[in-house]
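The report below works through a single protein chain, moving from one local backbone feature to the overall fold and then to individual side chains. Please keep the sequence and the coordinates in view while reading.

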Amino acid sequence: MAEHHPQSQQQFGGQQQQQQLQPRSHQVVKAATAVTAGGSLLVLSGLVLAGTVIALTIATPLFVIFSPVLVPAVITVGLIITGFLASGGFGVAAITVLSWIYRYVTGKHPPGADQLDQARHKLASKAREMKDKAEQFGQQHLTSGQQQSS
């Protein structure tokens, strides 16, 4: 810890020496440039704010007058755009699924075909197990029913 502390002081001292070695004219030019740039941006932001307030003052009565037309028009345009985007998305999804199914049926082994085959085999084995259990239950029910009637 003690070793790092003096080094950082030396580095900081080196930066101070470097700033002091620069001529005063360079420092004055840097400060003047910073003030000019900052002042220009400040004036520009004030002009933009004033323009925004003036535009809003002029546009507000127009928005109030035309709002019965503008609001439904914006809603309609939004719904139309949403419908077209949804339709396009569903179309792309349908084409993708149909091309995957075509590749699967023709034996080209698309991505995910192994998982589908494993799921099909699991379902088939579970269906066989359920069928066997149902047959066993039916046989037990028949034998117990015959024993009770005798």
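Which residue takes a positive phi just after helix 2? In this predicted model, the residue is G107, whose phi is about 85°. A second positive phi, of about 55°, belongs to H109, although H109 is not a glycine. Most residues other than glycine have a negative phi. H109 sits in the loop that joins helix 2 to helix 3, the latter covering residues 113–149, and with a relative accessibility of 47% H109 is classed as partly exposed.

**Overall fold**

The protein chain contains three helices and zero strands, and its order along the sequence reads α-α-α. Of the 150 residues in the protein chain, 2% are buried. The accessible surface of the protein chain comes to about 13,300 Å², and 69% of that area is supplied by carbon and sulfur atoms.

**Annotated spans**

An unreviewed UniProt entry lists two stretches, residues 41–67 and residues 73–102, under "transmembrane region". The table sets out the computed secondary structure of both stretches, together with the separation of their end C-alpha atoms.

| Residues | Helix | Strand | End C-alpha separation |
|---|---|---|---|
| 41–67 | 100% | 0% | 36 Å |
| 73–102 | 100% | 0% | 43 Å |

**Helix 2 and its bend**

Helix 2 runs over residues 24–105 and has 82 residues, yet its end C-alpha atoms are only 82 Å apart, whereas a straight helix would reach 122 Å at 1.5 Å a residue. Where does helix 2 bend, and by about how many degrees? The bend is placed at S67 and amounts to about 75°, with a proline, P68, following within four residues.

L70 also lies in helix 2, and L70 belongs to a nonpolar surface patch that it forms with L62, F63, I65 and F66, the five residues together having about 510 Å² of accessible area. L70 counts as partly exposed because its relative accessibility is 38%, a value between the 20% limit for buried residues and the 50% limit for exposed ones.

Another residue of helix 2 is S99, which is partly exposed because its relative accessible area is 30%. S99 and P110 are 11 residues apart along the chain, and their C-alpha atoms are separated by 9.5 Å.

**The charged pair in helix 3**

How many salt bridges does the structure hold? It holds one, formed by R120 with D117, and the closest N and O atoms of this pair are 2.9 Å apart. Side chains of opposite charge can pair when their charged atoms come close. R120 and D117 are three residues apart in helix 3, so about one helical turn separates them. R120 has a relative accessibility of 47% and therefore counts as partly exposed.

Key. Residues are numbered from 1 along each chain as its sequence is written. This is a predicted model: local features need pLDDT of at least 70, side-chain atom pairs count only at pLDDT 80 or more; totals for chains, interfaces and linings use all residues. Side-chain values use heavy atoms; hydrogens and water are left out. UniProt positions are given in the numbering used here, feature names are shortened, and annotations may be inferred rather than shown by experiment. Helices (H or I, at least four residues) and strands (E, at least two) are DSSP runs, numbered from the N terminus. Buried means under 20% relative accessible area, exposed over 50%, partly exposed in between (1.4 Å probe, protein chains only). Accessible areas come from the Shrake-Rupley method with a 1.4 Å probe; for residues, only the protein chains shown count as cover. Patches are made of residues with over 30% relative accessible area and no salt bridge: like charges are joined within 9 Å, nonpolar side chains (Val, Leu, Ile, Met, Phe, Trp, Tyr) within 5 Å. A salt bridge is a side-chain nitrogen of Lys or Arg within 4 Å of a carboxyl oxygen of Asp or Glu. The expected span of a helix is 1.5 Å times one less than its number of residues. The bend at a residue is the angle between axes fitted to the seven residues ending there and the seven starting there.
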